[in-house]
Structures are given as C-alpha cells and as structure tokens.
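Open the structure in your viewer and keep the selection tool at hand. The stops below say what to select next and what is there.

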Amino acid sequence: MGEIVFKDLTLKEKGKLLLEELNFSIGEGELFMIKGPSAAQNKAVLRLIQGFATPSLGSVKVELEEQNFSVGSNLVPFLGELTAKQSLALPLIARGYSKVESDNKIYEIAKYFSLEEVMDIQVKDLAKEEKALLGVAKAVVAEPSLVLLEEFSPYLDHKVAVLVMTYLHEISVDFEVTVVMVENDRRLHPFAAKILHLEDKRIKDLVGEGVDLNKLMPFLKI
C-alpha cells in the first residue's frame, strides 16, 4: 500500500512560520482528518500535499500505488460565472470523460447531494450551503484516487454533513480513495481513521487506528 509521508517538515510563507517539524504518514485508502484552531495551518497541510506550497525544510512525499494518481479538491476557488453543472464538468473534461459519461456522472453526484435544482444556476448566485456541497461534489465527481477538502461542515446542516461524510467514508473503504480533510466538528470525527491535531504550528496529537463502527453508528441515527 502507498502512503503520504511528512518528514521533519517546516513551512514558512511571507516570513511567517506556519508549520514546524511535522512527522506523520497517511495510509492509502484512509479517511484522515486534520483539526486545529488555525485555519491557515490546517489548510497548509492540504496545500503541501497538492503541491500548492513548498516545504521550507523537510519533505512531503505522495507515494500512492497508482503512479498517475488523480487529485480532487475544493481548494481552488470557483469561477463564479460558470453554472453549477459547468463547474462539475471541468474535472471530468480534464480526465477525458465523454459528453455522455460526464452528463451521467454529474447527474449521479447532483442527485446524491440534492443539487439537481441548482445545476443551471451560476455559482455566484448559489447559497453558502449549496456552494459548500458543490465544492465537495466537484472534488469527487471524477473519481480521483486522492481527495483533499477544506472544512465544509460549518456551512451545512448536521444531517447534510453526515450525508457527505457517509459518502466519503464509503469511497475510502470500498474504493481505497485516500481522503484528507480539515474538520473541527467533533460530531464528525468518528468517521476518521486517524485525526491529526495541530496546535501552535506543531502536532499536538495523532490518534486513531481505523474507524470504530460502534462509535460511528449513533452519529448516523439522526
């Protein structure tokens, strides 16, 4: 199995120290959560994995078994003038899906996240909850092998957040998709195989050895 490895990693940007001496690994197919009081530091971990940031010291290596692994994320801002459907089509076009295949995938993901009625609306006119759901949908629609997600739960009703987490849990278990996400809502932490707690630029704690279904089930009964 492959993994993502942070080794002695320190990150400085614009003269500011964001992360210091991080050492941890993320197993392929894990649902890995990052939590901490600093949104900038939490997001920096995702940017380092995707290559949007370069370590000042140390290294981060993405060594997944699939050599040409694909990445889906909600880190890149939407083009507000596009419709929701056009936004979902972009990663599919990039992956070489045909028009028919793209339409089918968009229909499936829009139905799952209850976004069918907003597909023809421009992104700039969507509500915050709709934009948050669309961001997750755009990250997963092209069936990537690695999904990176900024925190989305603050914009969602808890039941909807659980629906999204159930989907992410299923693709990590059934298809060995590696999911790395920022999440500070403790109610959603039982979905994670591991949780990295950052504080004062360093690792405060790293817990979890896989999802405990006994703890997870009560959270799904809502």
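Select Lys99 first: in this predicted model, Lys99 counts as exposed because its relative accessibility is 59%. Add Asp103, which forms a salt bridge with Lys99, with 2.7 Å between the closest N and O atoms. Asp103 counts as partly exposed, at 27% relative accessibility. Both residues belong to helix H3, residues 99-112, and stand four residues apart, about one turn of the helix. An α-helix has 3.6 residues a turn, so residues three or four places apart point the same way.

**Along helix H3**

Now select the whole of H3. The helix has 14 residues, which at 1.5 Å a residue should span 20 Å, and the C-alpha atoms at its ends are indeed 20 Å apart. Which residues of H3 are buried? Colour Ser102, Lys105, Ile106, Ile109 and Ala110 to see them. Looking down the axis of H3, you find the buried residues within an arc of 125°, so they line one face of the helix. Turn to the other side of H3, where Val100 and Tyr107 are exposed. To see what covers the buried residues of H3, show helix H2 (84-94), H4 and helix H5 (158-175), which are among the covering parts. Just after H3, stop at Ser114, which takes a positive phi of about 55°.

**More salt bridges**

Return to Lys105 and select Glu143 with it. Their side chains meet in a salt bridge, at 2.8 Å from N to O. This pair links distant parts of the chain: Lys105 is in helix H3, and Glu143 is in the loop between helix H4 (128-140) and strand S6 (146-149), 38 residues apart. Is each partner buried or exposed? Glu143 is exposed, with a relative accessible area of 52%, whereas Lys105 is buried, with 17%.

Next select Lys124 and Asp125, whose side chains meet in a salt bridge at 3.6 Å, N to O. Lys124 has a relative accessible area of 42% and is partly exposed. Then select Glu20, Glu21 and Arg202, which are linked in a network of salt bridges. How many salt bridges does the structure hold? There are 12.

**Helix H4 and its surroundings**

Select H4, which has 13 residues. From its first C-alpha to its last it reaches 19 Å, close to the 18 Å expected at 1.5 Å a residue. Its buried residues include Ala132, Leu133, Leu134 and Gly135, and also Lys138 and Ala139. Show S5, H2, H3, S6 and H5 around H4 to see what its buried residues pack against.

**Ser73 in strand S5**

Move to Ser73, found in strand S5, residues 71-73. Ser73 counts as buried, because its relative accessibility is 9%. Draw a distance from the side chain of Ser73 to the side chain of Gln50: the two make a polar contact at 3.2 Å. A polar atom of the Ser73 side chain also lies 3.3 Å from the backbone nitrogen of Leu75. What else is in contact with Ser73, leaving aside its neighbours within four places in sequence? Select Gln50, Gly135, Lys138, Ala139 and Leu148. Of these contacts, Gly135, Lys138 and Ala139 are buried residues of H4.

**Two nonpolar cores**

Select Phe113, Phe152 and Leu168 next. These residues have the most contacts inside the largest nonpolar core, which has 43 residues. The elements giving two or more residues to this core are strand S3 (31-35), H2, H3, H4, S6, H5 and strand S7 (178-182). Which element gives the most to this core? H5 does, with eight residues.

Zoom in on Phe113. Not counting residues up to four places away in sequence, Phe113 touches Leu133, Val136, Ala137, Val140, Val164 and Tyr167. A second, separate core of 26 residues includes Ile4, Leu18, Leu22 and Ile49.

**Last stop: Leu19**

Select Leu19, whose place is in strand S2, residues 16-27. At 0% relative accessibility, Leu19 counts as buried. Show the residues Leu19 touches, again without those up to four places away in sequence: Leu9, Thr10, Leu11, Gln41, Ala44, Val45, Leu48, Leu198 and Lys201. Finally, draw a distance from the C-alpha atom of Leu19 to that of Glu63, 44 residues apart along the chain; the separation is 21 Å.

Technical notes
Residues numbered from 1 in each chain as written. Predicted model: local features only at pLDDT ≥ 70, side-chain atom pairs only at ≥ 80, totals over all residues. Heavy atoms only, no water. Buried < 20%, exposed > 50% of the residue type's maximum accessible area, 1.4 Å probe, protein only. Polar contact = N/O pair within 3.5 Å; in protein donor to acceptor, adjacent residues only side chain to side chain. Contact = heavy atoms within 4.5 Å. Salt bridge = Lys/Arg side-chain N within 4 Å of Asp/Glu carboxyl O. Expected span 1.5 Å × (residues − 1). Arc of directions from axis to C-beta. Core = buried A, V, L, I, M, F, W, Y, C linked by side-chain atoms within 4.5 Å.
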